[in-house]
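Visitor: I should like to learn how to read a protein structure. May we go through one together, feature by feature?

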Amino acid sequence: MKAVFLKKFGAPEQAFEIRDAAIPTCAPDQVLIKVEAFGLNFADVLARTGMYPETPDRPCIIGYEVVGRVEAQGDKVTGDFVGTRVVALTRFGGYAEYAVTDYRAIGSFSGQYPAEKALAVATQFTTAYVCFHESMNLYRGDRVLIHAAAGGVGIALCQMALNAGCEIFATAGSEKKLEFLRNMGVHHTINYRENDYFKEINSLLKGQRIDATFNSLAGKSIKKDLRLLGAGGKLVLFGAASRVGGGKGIFSGLKLLFQTGFYTPLAFIMRSKSLIGINILKLGDYKPELIAKCLKAVIAQAEDGKLDPVVQKTYKIGDLNTAHLALEKRGTIGKTVVFW
Ligand SMILES: NC(=O)c1ccc[n+]([C@@H]2O[C@H](COP(=O)([O-])OP(=O)(O)OC[C@H]3O[C@@H](n4cnc5c(N)ncnc54)[C@H](OP(=O)(O)O)[C@@H]3O)[C@@H](O)[C@H]2O)c1
């Protein structure tokens, strides 16, 4: 089979190489999938640039999700999946013509659901579902702050918050993204690259507070978000995008740590606020059934129209480098997908 290998960290043209490789074999609890297309995630950019600690040793195949048909399954897999077209979460290994994954990390759409929309639902909507529905109890009228709201996870969070009847404060990095969000029905949009979102939201709140913030940035935004939260408020932290562009050495790591701040649990009691960390790779290892449940829930909601996956662009494999750069340069709204 052909596979994209990450051979060194850096720009896509130096980092990636398409090579021949052996088709992987299924472990007893895995399925083997012939891949039609794979999705890109922001974490892939972090992996390529050497900022993702869990990246396997190089040369390696990265990639968190594929769409394709199951060709084989291990002998401990419950159910018969051979021949089924599935969307699958992969723990790396997605940038290849064949991929293996745990049978609980697959889901299927009825009919010929478009591959690109299925991939949008996979990692990004599942992550959003874990953050929004498994970590929170939000009610109609609650005020939520969503950062990087026009990205893959951000759009999913906005759709979930709109469905729940929440009032949304969304940040994004360009006017085009803010306009997209307003067209989706998002109530308040702030360009956080031009204005201090803390000041803007504070003045919009007129003395009231936020009930939940969904933060994929870390750094200085954590202190600001905690100040915007009222009693009972929760901050879900699931990314550290603010580190990008600040170098990769120990000093940039320390800078991120100091900007993010150090907190005592006692302060959270006194203020009745919570900080929740989410990492779906860790949850997939420890609680695969939870991730399976969330994947199935987002597929069901996408099929009945409650969730509407947004696709930025589909690329052919020869344009993988261009696709990666588009994601890195913060130019994308929604999902980026690559077809073999
Ligand atoms: N913890 C988990 O299990 C988990 C799972 C999936 C994703 N994530 C995280 O969730 C976030 C969103 O992932 P995604 O795949 O949906 O990506 P994405 O949102 O489609 O793209 C990332 C966006 O982050 C924003 N951003 C903010 N600061 C940035 C910076 N310094 N450099 C580059 N981009 C910056 C950009 O939007 P603006 O132009 O609006 O700034 C960019 O478009 C990522 O941080 C990712 O690592 C975490």
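**Reading the features**

Guide: Let us begin with a single residue: Thr123 has its place in helix α3. Please keep in mind throughout that this is a predicted model.

Visitor: Does Thr123 count as buried or exposed?

Guide: One compares the relative accessibility of the residue with a cut-off, and buried means under 20%. Thr123 has a relative accessibility of 11%, so this residue counts as buried. Its side chain also takes part in a polar contact of 2.4 Å with the side chain of Glu65.

Visitor: Why does Ala326 count as partly exposed?

Guide: The class in between runs from the 20% limit to the 50% limit. Ala326 counts as partly exposed because its relative accessibility is 22%. This residue lies in helix α12, which spans residues 320-328. Its C-alpha atom is separated by 38 Å from that of Pro28, and the two residues are 298 residues apart along the chain.

Visitor: How many disulfides are there?

Guide: A disulfide is a covalent bond that links the sulfur atoms of two cysteines. To find one, we look for a pair of cysteine sulfur atoms within 2.5 Å. By this rule, the count is zero disulfides. Cys294 is in no disulfide, for the nearest cysteine sulfur belongs to Cys131 and is 9.8 Å away. Cys294 counts as buried because its relative accessibility is 0%. Cys60, at 6% relative accessibility, counts as buried too.

Visitor: Which residues are closest to the ligand?

Guide: Here we ask which residues have a heavy atom within 4 Å of the ligand. The ligand is surrounded by 21 residues, and the closest are Gly173, Lys177, Tyr192, Ile278 and Ile280. Sorted by character, the shell holds 11 nonpolar, eight polar and two charged residues.

Visitor: Which helices and which domains supply residues of this shell?

Guide: At least two residues of the shell come from each of the helices α3 (115-134) and α4 (152-163). Domain 1 (2-123 + 282-339) and domain 2 (136-277) each contribute at least three residues.

Visitor: Which atoms of the protein lie at short distances from oxygen or nitrogen atoms of the ligand?

Guide: For such polar contacts, we look for N or O atoms within 3.5 Å of each other. A polar side-chain atom of Gln124 is 2.9 Å from a ligand oxygen atom. A backbone N or O atom of Ile280 lies 2.7 Å from an oxygen atom of the ligand, and one of Val244 lies 3.5 Å from a nitrogen atom of the ligand. On its own, the ligand has 900 Å² of accessible area, and the protein covers 92% of it.

Technical notes. Residues numbered from 1 in each chain as written. Predicted model: local features only at pLDDT ≥ 70, side-chain atom pairs only at ≥ 80, totals over all residues. Heavy atoms only, no water. Buried < 20%, exposed > 50% of the residue type's maximum accessible area, 1.4 Å probe, protein only. Polar contact = N/O pair within 3.5 Å; in protein donor to acceptor, adjacent residues only side chain to side chain. Areas by Shrake-Rupley, 256 points an atom, 1.4 Å probe, with all protein chains shown as cover. Helix = DSSP H or I, 4+ residues; strand = E, 2+ residues; numbered from the N terminus. Nonpolar A, V, L, I, M, F, W, Y, C, P; charged D, E, K, R; others polar. Domains from an automatic or database assignment.
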